[in-house]
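Here is a friendly briefing to read alongside your structure. Please have the viewer open as you go through the topics below.

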Amino acid sequence: MTRAEEKAKQWLSAAEMDQESKDQIKELLGNGEDLEEAFLNDLEFGTGGLRGIMGIGTNRMNKYTVAMATQGFSNYLKNQFPTGVSVAIAHDSRNNSRFFAETTANVFSANGIKVFLFEELRPTPELSFAIRHLGCQGGVVLTASHNPKEYNGYKAYWSDGGQLVPPHDKNVIDEVKKINSLEEINFKADHSLIQSIGSEIDDAYLQMIKGLSLSPEDIKKNSDLKIVFSSIHGTGITMVPRALTELGFKNVHTVKEQEQPDGNFPTVIYPNPEETEAMSLALKEAEKIDADMVMATDPDADRVGIALKNSKGEFQLLNGNQTGSLLVYYLLKKWSEKGLRGNEYIGKTIVTTELIRDIATSFNTNCYDTLTGFKWIADMIRKKEGKEVFIGGGEESYGYMIGEAVRDKDAVASSVMIAEMTAWAKGKGKSLFDLLIDIYKQYGFYYEELKSITKKGLKGADEIKKMMEDFRNSPPKTLAGSEVVEIVDYAEGQKKYADGKKESINFPKSNVLQYLTADGTKVSIRPSGTEPKIKFYFSVMSDIESDDYFETENKLKQKVHKLLNDMNL
């Protein structure tokens with residue numbers, strides 16, 4: 001009997017297993033490959049929790065894997081906080097998200113833990129805010145962010161409102177692994193411990209966002225700014241239009257076809273604002289009304305994508321690095337006008353554009369790097385709390401955070417700040433695209449590109465592992481004609497220079513590799529923590545030529561093409 005068969009039969013004999021699930025397991029037992037995928041491995045915490053395809057099995061998102069994670073998390077919370085443990089729970093619009101949220105609440109309450117459960121779907125950043133606002137010791141949001149509709153996930157949070165980081169993430173996994181059978185999960189909910197929350201948290205969250213405003217006078221002057229917003233069938237609809245309206249924007253147009261929360265995401269292939277296809281309906285509406293800008297959030301409203309008119313009068317999608325750079329520039333410009341004290345800082349991840357560091361440096365403000373994943377930015381804020389002040393920051397994958405009140409990327413606050421920044425630029429006779437060109441003229445044109453290679457299943461995981469080994473053991477000497485002068489290996493915790501020197505780096509160990517060349521090119525390689533992908537991040541730069549954005553961009557695109565060829569991608 002294979003290990004997968006053994007685990008499947010163990011589940012089959014569990015008293016807690018419902019009949020529908022038993023029938024699904026019996027069907028799997030007749031299919032070796034599907035059985036292996038479903039039962040050989042266990043879902044593991046990645047960058048903050050579980051994420052996987054929904055279905056029966058230890059390697060799938062279902063009632064039982066969610067309950068096991070919650071039982072393990074409950075055990076750990078009670079161990080760390082012997083008295084008065086409470087948690088907050090939220091969920092997105094995905095299929096089964098409400099069911100998983102209620103399952104999570106039931107198991108927590110069965111373990112004597114007080115639960116604050118959002119009455120309906122809410123953005124992920126509001127869950128982070130709620131944990132801090134209510135003084136909870138932990139929290140969970142049921143979401144798979146912008147993954148395809150077959151996926152769902154379970155993001156776990158600590159008392160600071162940030163996702164779990166070491167040692168807590170590994171310790172929770174250890175607690176889950178101690179559970180040898182489903183009978184060890186306490187499913188007997190204590191409904192007296194489950195409290196519904198909603199409007200009172202919404203109001204407090206929006207009050208906090210209003211307090212972040214830096215240019216209220218520019219919003220008043222340009223309150224008629226034409227904004228098109230889409231929630232892409234997700235949670236953004238619950239908060240973003242209201243936040244924009246309450247801040248003073250009077251001309252917000254929502255994409256009607258995508259307003260309705262729907263886990264099947266019927267109008268898009270992927271519910272991801274990074275994809276042009278997902279933004280197509282919003283862009284169509286923008287053309288129709290001659291909008292100033294377009295914004296769209298992913299299903300759990302922690303990421304936001306924007307489009308604006310370029311110098312050709314066409315709507316152009318900005319990438320996450322461009323939007324993040326604009327936000328950081330605007331934040332620092334306004335903070336500097338009010339007076340920087342010298343203890344403020346910007347945060348970004350190691351794969352995010354170096355343009356953000358250059359901008360921060362020009363304002364004599366520190367810019368700190370973290371590993372990929374917003375949990376590391378939250379962890380940095382926690383460690384620096386009371387000593388240094390976090391202004392804002394973000395990551396290339398369309399996630400940004402303004403201020404310290406929320407400890408996860410926040411598309412609600414970011415959408416409001418992007419709209420305010422647009423109103424501020426308009427007050428100076430500039431579009432947001434003009435502002436981007438000004439930034440490139442001052443700091444250099446940074447161009448970034450991401451290439452993701454998908455390798456599904458167990459075989460795919462082995463292939464990704466082999467690719468990382470090859471890049472680590474046989475690094476290139478040159479890339480696009482420039483010498484590789486530095487290799488940063490976050491798994492080994494060191495930098496290696498072309499002259500043979502080595503230097504330790506102060507980062508948690510992570511399977512990430514970076515090549516830096518003499519001409520400022522940076523290539524970062526990492527397997528995704530949440531998807532069956534290996535990701536390649538390319539960053540190149542040059543001065544902007546003849547004020548021509550498109551000419552310079554094309555030259556930099558050609559350089560990235562050379563990098564892809566040199567790396568046989």
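**Helices and aromatic rings**

Tyr64 has a relative accessibility of 1%, so this residue counts as buried. Please keep in mind that this is a predicted model. Tyr64 is a good way into the aromatic pairs, of which the structure holds 20.

**The Trp11–Tyr64 pair**

- Trp11 and Tyr64 make an edge-to-face aromatic pair, with 5.7 Å centre to centre and 65° between the planes.
- Because Trp11 belongs to helix α1 (residues 3-12) and Tyr64 to helix α4 (residues 63-80), their pairing ties together parts that are 53 residues apart in sequence.
- Trp11 is also buried, at a relative accessible area of 5%.

**Where α4 meets α5**

- Helix α5 (residues 97-110) packs against α4 at an angle of about 35°, and the two axes are 9 Å apart.
- The crossing of α4 and α5 is right-handed.
- On the α4 side, the contact involves Lys63, Val66, Ala67, Thr70, Gln71, Phe73, Ser74 and Leu77.
- On the α5 side, the contact residues are Phe99, Phe100, Thr103, Thr104, Val107 and Phe108.
- An α-helix has 3.6 residues a turn, so residues three or four places apart point the same way.

**A closer look at α5**

- The end C-alpha atoms of α5 are 20 Å apart, which agrees with the 20 Å that its 14 residues should span at 1.5 Å a residue.
- Helix α5 is mostly covered, with 10 of its 14 residues buried.
- Among the buried residues of α5 are Phe100, Thr103, Thr104, Val107 and Phe108.
- The cover over the buried residues of α5 includes α4 and the strands β2 (86-91), β3 (114-118), β4 (138-142), β5 (151-158) and β6 (194-197).
- After α5 comes Gly112, which has a positive phi near 80°.

**Helix α16 and its surroundings**

- Helix α16 (residues 432-443) has 12 residues and reaches 16 Å from its first C-alpha to its last, close to the 16 Å expected at 1.5 Å a residue.
- Its buried residues are Leu432, Phe433, Leu435, Leu436, Ile437, Ile439, Tyr440 and Tyr443.
- Gly444, just after α16, adopts a positive phi of about 105°.
- Phe433 and Tyr440 join Phe445, Tyr549 and Phe550 in one aromatic cluster.

**Lysines over rings**

- Lys312 lies over the face of Phe550, at 4.0 Å from the ring centre, and Phe550 belongs to the aromatic cluster with Phe433 and Tyr440.
- Lys384 lies over the face of Tyr368, at 4.0 Å from the ring centre.

Technical notes
Residues are numbered from 1 along each chain as its sequence is written. This is a predicted model: local features need pLDDT of at least 70, side-chain atom pairs count only at pLDDT 80 or more; totals for chains, interfaces and linings use all residues. Side-chain values use heavy atoms; hydrogens and water are left out. Helices (H or I, at least four residues) and strands (E, at least two) are DSSP runs, numbered from the N terminus. The expected span of a helix is 1.5 Å times one less than its number of residues. Buried means under 20% relative accessible area, exposed over 50%, partly exposed in between (1.4 Å probe, protein chains only). Rings of Phe, Tyr and Trp (its six-membered ring) pair if their centres lie within 6.5 Å; planes under 30 degrees apart count as stacked, over 60 as edge-to-face and the rest as tilted. A charge sits over a ring if NZ of Lys or CZ of Arg is within 6 Å of the ring centre and within 35 degrees of the ring normal. Axes are lines fitted to C-alpha atoms, for helices over the stretch in contact, and angles run from 0 to 180 degrees between N-to-C directions. A crossing is left-handed if the near helix is turned anticlockwise from the far one by less than a right angle, and right-handed if clockwise. Contact means heavy atoms within 4.5 Å.
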